[in-house]
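Me: I would like to learn how to read aromatic and surface features in a model of this kind. Could we go through them one at a time?

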Amino acid sequence: MKSMAGIYHRQNTFRRTKAGERMAKKEAEQIVRRNYAIVLKVLHDNFGFGPQRLSEFIQKTTEFAEKAQKDELWFDIVSDWVEKYLGVDFFKEDWMEEKQHSGLLEE
């Protein structure tokens, strides 16, 4: 049986190759698409967004993301706004659990 350290080392080595970088980028894009689909479904099912409003949401989100790519501090600015507006700190790893217990994100 091969050691876990050897497997871990090979995985880390692969991640540094061009193929590994492409795979990591593809995985990240898939995560974003899945989360985007979840948001769109929730907006439709729970808030009545139809095709036009969902399309506008996608357009505005894309515009925001393009602007955000040009600013290194965009996440800091947006997460600060979210924390002030909702009381959710995105810099904490357990931000969902903490707020669920406080009742903010519960139904």
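Me: Which residues make the nonpolar surface patch, and what is its area?

Reply: This is a predicted model, in which local features need pLDDT of at least 70 and side-chain atom pairs count only at pLDDT 80 or more, while totals for chains, interfaces and linings use all residues. Residues are numbered from 1 along each chain as its sequence is written, and side-chain values use heavy atoms, with hydrogens and water left out. A patch is made of residues with over 30% relative accessible area and no salt bridge (a side-chain nitrogen of Lys or Arg within 4 Å of a carboxyl oxygen of Asp or Glu), with nonpolar side chains joined within 5 Å and like charges within 9 Å. Here Phe64, Trp74, Phe75, Phe90 and Phe91 make a nonpolar patch of about 480 Å², the areas coming from the Shrake-Rupley method with a 1.4 Å probe.

Me: Where does Phe91 lie, and is Phe91 buried or exposed?

Reply: Buried means under 20% relative accessible area, exposed over 50%, and partly exposed in between. Phe91, in the loop between helix 4 (74-86) and helix 5 (95-102), is exposed at 52%, whereas Phe64 is partly exposed at 43%, as are Trp74 at 35% and Phe75 at 34%. The helices are DSSP runs (H or I, at least four residues), numbered from the N terminus.

Me: How many aromatic pairs does a search of the whole structure find, and how is such a pair described?

Reply: A pair of aromatic rings is described by the distance of the centres and the angle of the planes. Rings of Phe, Tyr and Trp (its six-membered ring) pair if their centres lie within 6.5 Å, and planes under 30 degrees apart count as stacked, over 60 as edge-to-face and the rest as tilted. The search finds four pairs. In one of them, Phe64 and Trp74 have ring centres 6.3 Å apart and planes at 85°, so this pair is edge-to-face. Because Phe64 belongs to helix 3 (residues 51-69) and Trp74 to helix 4, the pair ties together parts that are 10 residues apart in sequence. Trp74 also pairs edge-to-face with Phe75, at 5.9 Å centre to centre and 85° between the planes, and Phe64, Trp74 and Phe75 form one aromatic cluster.

Conventions:
Helices (H or I, at least four residues) and strands (E, at least two) are DSSP runs, numbered from the N terminus. Buried means under 20% relative accessible area, exposed over 50%, partly exposed in between (1.4 Å probe, protein chains only).
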